[in-house]
Amino acid sequence: MAGDPTYRVLVSSAVRGRLRPALAALLLASGVALSACGTSTAESEPAHDHTGSGPAAVEGADDDYAGLDLAEPYRRPSFTLTDTSGAAFDFKAATSGRPTLLFFGYTNCPDVCPTTMADIAVALRGLDAALVEQLQVVFVTTDPATDTPAVLGEYLARFDADLPQRFIGLTGDQESIDQAQLSTGVPLAEEQGRLHSSLLLLYGADDEAHVAFDAGNTSRDIAADLRLVAGAA
C-alpha cells in the first residue's frame, strides 16, 4: 500500500508491557508467548466514516462505559469471509441484532492479540451464562497467508474451550481482509498484518458500537460494558 494511512491505532511495544498475573497465567497455560506485536506507536485515532478520508475521535465527551466511549457510534459492518469450517460467513447477516465483539489480529501475534482474547475469555467466565449465549465474539485475521481456517480454529480453542459460545475465526484473501477492515472503520494492517489496530469493538442489538476497548482496558472493563450492552439487548 503506497503511503501511510491517515489514521492509525496501532500496536506499540509499550502497550501491553504489564500483563495482569491472572492473564499471564492463562496465556502461559495455553502455550502463548508474550512479547510485543510491533514497534510503532499510536499516532491518531481510527476513522469512523469508513472511507479512510480522515480521522475521527475515538473517545467521546461522555463517560458512560468502562471502555472507550465512541464520539460517534461505529455501524456494524458488512463483509463476507471464511470461517473455521471453511464456510462463507456473512458478518452482518450472521451477527445483526446480537451483541458482538469484533477484533482484527493474527495468530502468531506474541502479545496484544492473545492478551485481548484472554481478556475476553476471562470477562465471559465472570458473566451469567444466559448473557454469554447471546454474544458473538469474532476474530478476523490480518495475516490470511498464514491463518487458514484450521489454524484459526486451533488458536481460538485455546481461549473458548469451556465457554457456552465458541469464538468465530474468519479469514479470506488479502483483498477481502482489507475490505473488512475498511468497512469496519479500523486502519488497514501493515507489515503483512503484523502491525494492526488494537481496537476491540462492541456492537449492540442496535447494530452500532458505542464503546470500544484498546490495550489499556482490562477484562473487568469488558465484563462491565458487556453487562450494559448485552443486558439492554
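I take helices (H or I, at least four residues) and strands (E, at least two) as DSSP runs, numbered from the N terminus. The model is predicted, so I accept local features at pLDDT of at least 70 and side-chain atom pairs only at pLDDT 80 or more, while totals for chains, interfaces and linings use all residues. Residues are numbered from 1 along each chain as its sequence is written, and side-chain values use heavy atoms, with hydrogens and water left out.

**Entry 1: aromatic pairs**

I began with the rings. A pair of aromatic rings is described by the distance of the centres and the angle of the planes. I counted rings of Phe, Tyr and Trp (its six-membered ring) as paired if their centres lie within 6.5 Å; planes under 30 degrees apart are stacked, over 60 edge-to-face, and the rest tilted. The structure holds five such pairs. I looked up F103 and F139, whose pair is tilted, with 6.1 Å centre to centre and 40° between the planes. F103 belongs to strand β4 and F139 to strand β5, so this pair ties together parts that are 36 residues apart in sequence.

I then asked whether these rings are buried or exposed. My cut-offs are these: buried is under 20% relative accessible area, exposed is over 50%, and partly exposed is in between (1.4 Å probe, protein chains only). F103 is buried at a relative accessible area of 1%, and F139 is buried at 0%.

Next I looked up Y155 and F159, an edge-to-face pair with 5.3 Å centre to centre and 70° between the planes. Both residues lie in helix α5, four residues apart, which is about one turn of the helix. Both are buried. Ring pairs link F103, F139, Y155 and F159 into a cluster.

**Entry 2: nonpolar cores**

I defined a nonpolar core as a set of buried Ala, Val, Leu, Ile, Met, Phe, Trp, Tyr and Cys residues joined through side-chain atoms within 4.5 Å. The largest one has 34 residues, and L101, M117, I120, L124 and F167 have the most contacts inside it. Several elements supply at least two residues each, including β4 (100–105), β5 (136–141), α5 (149–160) and α7 (219–231). Which element gives the largest share of this core? I found that α3 does, with eight residues.

I followed L124 further, taking contact to mean heavy atoms within 4.5 Å. Not counting residues up to four places away in sequence, L124 touches V132, L135, V137, L163, F167 and L226. Another core, of 21 residues, lies apart from the largest one, and F89, F91, L199 and A209 are among its members.

**Entry 3: T100, R76 and the salt bridges**

T100 is found in strand β4 and counts as buried, at 0% relative accessibility. I treated a polar contact as a pair of N or O atoms within 3.5 Å; within protein, one must be able to donate a hydrogen and the other to accept it, and residues adjacent in sequence count only if both atoms are side-chain atoms. By this rule the side chain of T100 makes a polar contact with the side chain of R76 (2.8 Å).

R76 led me to the salt bridges, each a side-chain nitrogen of Lys or Arg within 4 Å of a carboxyl oxygen of Asp or Glu. A search of the whole structure finds four. The side chains of R76 and D207 form one of them (2.6 Å, N to O). R76 lies in the loop between β1 and β2 and D207 in the loop between β7 and β8, so the pair ties together parts that are 131 residues apart in sequence. Both R76 and D207 are buried.

R194 forms a salt bridge with D143, the closest N and O atoms being 2.7 Å apart. Here R194 is partly exposed at 26% relative accessibility, whereas D143 is buried at 4%. R166 forms a salt bridge with D160 at 3.1 Å between the closest N and O atoms. R166 is partly exposed at 44%, and D160 is buried at 2%.

**Entry 4: helix α6**

I listed the buried residues of α6 (residues 174–184) and obtained I177, A180, Q181, S183 and T184. Around the axis they cover an arc of only 165°, which puts them on the same side of α6; the arc is that of the directions from the helix axis to the C-beta atoms. These buried residues pack against β1 (68–75), β2 (80–82), β4, β5 and β7. At the start of α6, a side-chain oxygen of D173 comes to within 3.2 Å of the backbone nitrogen of E175. Just after α6, G185 takes a positive phi of about 100°.
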